[in-house]
2 protein chains.
Amino acid sequence: MEEIERGSGVSLWRQIEQTLLQEISAGVLHPGDKLPTEQELSARFDVNRHTVRRAVAALVQRGIVSVTQGRGSFVQEEVIDYPIGKRTRFSENLKRQNRSPGGRLVRSEQRPANGIVSKGLEIPPGTPVLMIELVGEADSVPISTSLHFFPWDRFAGMAEGYAETHSITQALARCGVADYTRKQTNITARLPSAEEARLLRQMPGRPILHVESVNLDETGTPIQFSIVSFAGDRVQMVVEN
Amino acid sequence: MEEIERGSGVSLWRQIEQTLLQEISAGVLHPGDKLPTEQELSARFDVNRHTVRRAVAALVQRGIVSVTQGRGSFVQEEVIDYPIGKRTRFSENLKRQNRSPGGRLVRSEQRPANGIVSKGLEIPPGTPVLMIELVGEADSVPISTSLHFFPWDRFAGMAEGYAETHSITQALARCGVADYTRKQTNITARLPSAEEARLLRQMPGRPILHVESVNLDETGTPIQFSIVSFAGDRVQMVVEN
DNA sequence: ATTCATAATTTGTCTAGACATCCGTATCTT
DNA sequence: AAGATACGGATGTCTAGACAAATTATGAAT
């Protein structure tokens, strides 16, 4: 056990940090993998648990590792996999990859449904809908801007619901939708507008993923039409077959 | 002593962090001021020293406080005062404001002295001089780019000396200059070139401070002519009268 | 007065232990 | 089968103490 050296002038926690860093970059630990528990690490390096914690904290600050109380420490994924399926949930997707989901409401307004919205929601053009604009975040880094359209008569309270819960799923639940499924998802690539590049903090020349989707309630009625722009640098769509 | 609340659901170190943050923003603690010692803070809040350290570490990560072993913790200055005087020393200036000086050698080359260089060093035009280009940093943030000219015959080893010590003063000492004084400093303002804006990570539209100076050795002989560009956003020249 | 060695002060690192909090799972209950 | 509860495992917080390392202050010798 000659992993780290005492009295070498380099503090133990820095040596542990470097050792873990090497193992991550060398592929011994893959992105998404769970690090050994603090107890295991302290046994392996023969140091106190607090010393291990100091090393892991340094890796967290570098953005290389994420830690969740009660679960453990995980190697960060370099790109976020965003699975598309029948039950696509923004927060769930991120949590599954050990990232902390977040989001903020940019604006919300009532407006008449235009062509693609009326087609997606299967309502006559001109029917009033609620539109909300969100910025989705993973570990406090913006990864998506999105517009969501809901029939006004059933979901007038969605904006307030989202502002309070930061979750579309929970906001829908407050409007009486216990569960919902995704009907369809269309994905294309394009370059961002100046506003999108600003919100996503992405270089204007880098492409974004343009995603349009429709969600249905339990009766099969369309309840949500969404247009989401993902930062192409940081997100990768995964369509499960 | 009802400063912080135990068992309130908010950890003690976060409450201490907030308290110190408020006092800094409220002006109780001014930029440059020394924070109370860890021992004093732990006595004031009636917590262990480690708990105080956790709070201070959070402030350091925010860039609001800097800590130096053996000296103490200090509220960060928003702009760096750069005193100009007989004994102007880059590293000393920064250390005096509780910032950690740094620098890197961009390039070095021998060339004949042109007009202003020969005038500054008081040598005939065409005399070979050593030119080195540096980027100066404070707390790892670049604050200046600079060109320095030295008579080649005496200071051929300056580039190596600087590369090893990251200090012009120490590099000069290796060339036999125990002490030196500043003869003259000229300061003007101008807009940066694209290259300078890149090196200083500054918006191209923001002005920079253009400083030209001459240093003398103990015999009064010019040994160094410098052209330094400071980031105008982050540095403020102070001429002591 | 300056220089040099020493002491005091202050932050950095490490250990040890206790309890809290959160998460996931297993189990019991209904 | 579904929900509530309990438990074990993992990270989070706090305390206490010891020694190391860097800086600054002190004082003695020249």
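In this predicted model, a polar side-chain atom of Arg71(A) sits 3.5 Å from a phosphate oxygen of DNA strand C. Two further residues reach phosphate oxygens of this strand. A backbone N or O atom of Trp13(A) lies 3.4 Å from one, and chain B takes part through Arg53(B), which places a polar side-chain atom 2.9 Å from a phosphate oxygen of DNA strand C.

The wider surroundings of the strand fit around these contacts. There are 24 residues around DNA strand C, and those that come nearest are Arg6(A), Leu12(A), His50(A), Thr51(A) and Gln69(A). Of the strand's atoms that come within 4 Å of the protein, 65% belong to sugar and phosphate. Both chains contribute elements to this surface: at least two residues each come from α1 and α3 (49-61) of chain A, and from α3 (49-61), β1 (65-68) and β2 (72-75) of chain B. By class, the surface near DNA strand C holds four nonpolar, 13 polar and seven charged residues.

Turning to DNA strand D, 23 residues surround this strand, with Arg6(B), Leu12(B), His50(B), Thr51(B) and Arg71(B) coming nearest. Here sugar and phosphate make up 63% of the strand atoms that come within 4 Å of the protein. Two of the nearest residues also approach phosphate oxygens of DNA strand D through polar side-chain atoms, Arg6(B) at 2.4 Å and Arg71(B) at 2.8 Å. From chain A, a polar backbone atom of Glu38(A) is 3.0 Å from a phosphate oxygen of DNA strand D. Two or more residues of the surface near this strand come from each of α3, β1 (65-68) and β2 (72-75) of chain A, and α1 (12-25) and α3 of chain B. The classes here are four nonpolar, 13 polar and six charged residues.

Within chain A, the axes of helix α1 (residues 12-25) and helix α2 (residues 38-45) come within 12 Å and cross at roughly 110°, so α1(A) is roughly perpendicular to α2(A). On the α1(A) side, Ile16(A), Thr19(A), Leu20(A) and Glu23(A) meet Leu41(A), Arg44(A) and Phe45(A) of α2(A). The residues of this contact comprise four nonpolar, one polar and two charged.

A last view is of chain B, where Val135(B) lies in strand β5 (residues 128-138). With a relative accessible area of 1%, Val135(B) is buried. Beyond its neighbours within four places in sequence, Val135(B) contacts a set of residues including Gly102(B), Arg104(B), Val106(B), Pro142(B) and Leu199(B). Leu199(B) is 64 residues from Val135(B) in sequence, yet their C-alpha atoms are 7.5 Å apart in space.

Technical notes. Residues are numbered from 1 along each chain as its sequence is written. Chains are lettered from A and ligands numbered from 1 in the order in which they are written. This is a predicted model: local features need pLDDT of at least 70, side-chain atom pairs count only at pLDDT 80 or more; totals for chains, interfaces and linings use all residues. Side-chain values use heavy atoms; hydrogens and water are left out. Axes are lines fitted to C-alpha atoms, for helices over the stretch in contact, and angles run from 0 to 180 degrees between N-to-C directions. Helices (H or I, at least four residues) and strands (E, at least two) are DSSP runs, numbered from the N terminus. Angles under 35 degrees count as roughly parallel, over 145 as roughly antiparallel, 65 to 115 as roughly perpendicular and the rest as oblique. Contact means heavy atoms within 4.5 Å. Ala, Val, Leu, Ile, Met, Phe, Trp, Tyr, Cys and Pro count as nonpolar, Asp, Glu, Lys and Arg as charged, and the others, Gly among them, as polar. A residue is near a molecule or strand if one of its heavy atoms lies within 4 Å of it. A polar contact is a pair of N or O atoms within 3.5 Å; within protein, one must be able to donate a hydrogen and the other to accept it, and residues adjacent in sequence count only if both atoms are side-chain atoms. Buried means under 20% relative accessible area, exposed over 50%, partly exposed in between (1.4 Å probe, protein chains only).
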